[in-house]
Amino acid sequence: LKVMLEDAAAKKEKAEGIAEVVAKEKASIEHQSVLAEAESEQVAKIQKEVSQKQRDTEEDLAKAEPAVEAAMSALDTLDQKDLSSCKGMLKPPPKLDEVFAATICLLAGIMPSIVTRKNGGQVKVKDCSWDAAKKQLMGNIREYMTYLKEIKSHVDNNTINHNNFKEVRQYIEKDYFNVETMKTKNQ
């Protein structure tokens, strides 16, 4: 009986050791499960945000594509003679100078004749005035027209400084900044 009690005590001690190891492993697994669930929730949240951003981007693109096509069509109506007549103006008609200022902003870093400056790592146009437009854009009208027509490929290929879009926004957000209104300005 004594041997059996010693054997039972040894088995009990061994079982308690195994139970302790199992309990520790179970606690570790539960902790890992909690972490995995939190990670899973975070991934689901990020996935939801990415999906929303993708939908928003696709909507923005769908809205922008017709505007881009309209702008590209408007570029086809540009006439070198009209631009030459603008070059000779001491003072442009109201708001027409803003069209040229906007193109200076858009073509900064692309058209070599546009003078830029670095400001905190950002490339910015140094001067958007009418005189700057005449000198930097209309110094070579054919080249200016070529760069304007190539702007879409720079956007598509991501070879345009994204700061250009921020700089041009101040002009294009104005309610009068559209083809119909601007056509009446240089008659």
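Glu167 is found in helix 6, and this residue of the predicted model makes a convenient place to start. With a relative accessibility of 18%, Glu167 counts as buried, because the cut-off for that class is under 20%. Beyond the residues up to four places away in sequence, Glu167 touches Cys105 and Lys124. Cys105 falls within the range of helix 3, residues 96-107, and Lys124 within that of strand 2, residues 122-125.

The surroundings of Glu167 fit the wider picture of helix 6, which spans residues 162-172. Its buried residues are Asn163, Asn164, Glu167, Val168 and Tyr171. Viewed down the axis of helix 6, these buried residues fall within an arc of 125°, so they line one face of the helix. The partners against which the buried residues of helix 6 pack are helix 3 and strand 2.

Helix 3 also meets helix 5, and this second packing arrangement can be described in some detail. The axes of helix 3 (residues 96-107) and helix 5 (residues 141-156) come within 11 Å of each other, with a crossing angle of roughly 65°. Helix 3 is therefore roughly perpendicular to helix 5, as the class of that name runs from 65 to 115 degrees. The crossing of the two helices is left-handed. On the side of helix 3, the contact is made by Phe100, Thr103, Leu106 and Leu107; helix 5 contributes Tyr144, Tyr147, Leu148 and Ile151. Sorted by character, the residues of this contact comprise seven nonpolar and one polar, with no charged residue.

Among the residues of that contact, Tyr147 deserves a closer look. Tyr147 belongs to helix 5 and is buried, its relative accessible area being 17%. Leaving aside neighbours within four places in sequence, Tyr147 is in contact with Leu107, Ile110, Met111 and Pro112. Leu107 is one of the residues through which helix 3 makes its contact with helix 5. As for Gly121, that residue is 26 residues from Tyr147 in sequence, and the two C-alpha atoms are 24 Å apart in space.

Attention turns next to strand 1, residues 116-119, where Arg117 lies. Arg117 is partly exposed, with a relative accessible area of 37%. Not counting residues up to four places away in sequence, Arg117 touches Gln122, Val123, Lys124, Val125 and Lys126. Lys124 is thus shared between two descriptions, because Arg117 touches it and so does Glu167, a residue that counts as buried. Asp127 is 10 residues from Arg117 along the chain, and their C-alpha atoms are separated by 9.6 Å.

Two loop residues complete the account through their backbone geometry. Most residues other than glycine have a negative phi. Lys95, although not a glycine, has a positive phi of about 75°. Lys95 lies in the loop between helix 2 (80-87) and helix 3, and is partly exposed, with a relative accessible area of 30%. Asn158 is likewise not a glycine and has a positive phi, here of about 60°. The loop that holds Asn158 runs between helix 5 and helix 6.

Note on methods:
Residues are numbered from 1 along each chain as its sequence is written. This is a predicted model: local features need pLDDT of at least 70, side-chain atom pairs count only at pLDDT 80 or more; totals for chains, interfaces and linings use all residues. Side-chain values use heavy atoms; hydrogens and water are left out. Axes are lines fitted to C-alpha atoms, for helices over the stretch in contact, and angles run from 0 to 180 degrees between N-to-C directions. Helices (H or I, at least four residues) and strands (E, at least two) are DSSP runs, numbered from the N terminus. Angles under 35 degrees count as roughly parallel, over 145 as roughly antiparallel, 65 to 115 as roughly perpendicular and the rest as oblique. A crossing is left-handed if the near helix is turned anticlockwise from the far one by less than a right angle, and right-handed if clockwise. Contact means heavy atoms within 4.5 Å. Ala, Val, Leu, Ile, Met, Phe, Trp, Tyr, Cys and Pro count as nonpolar, Asp, Glu, Lys and Arg as charged, and the others, Gly among them, as polar. Buried means under 20% relative accessible area, exposed over 50%, partly exposed in between (1.4 Å probe, protein chains only). The arc is that of the directions from the helix axis to the C-beta atoms.
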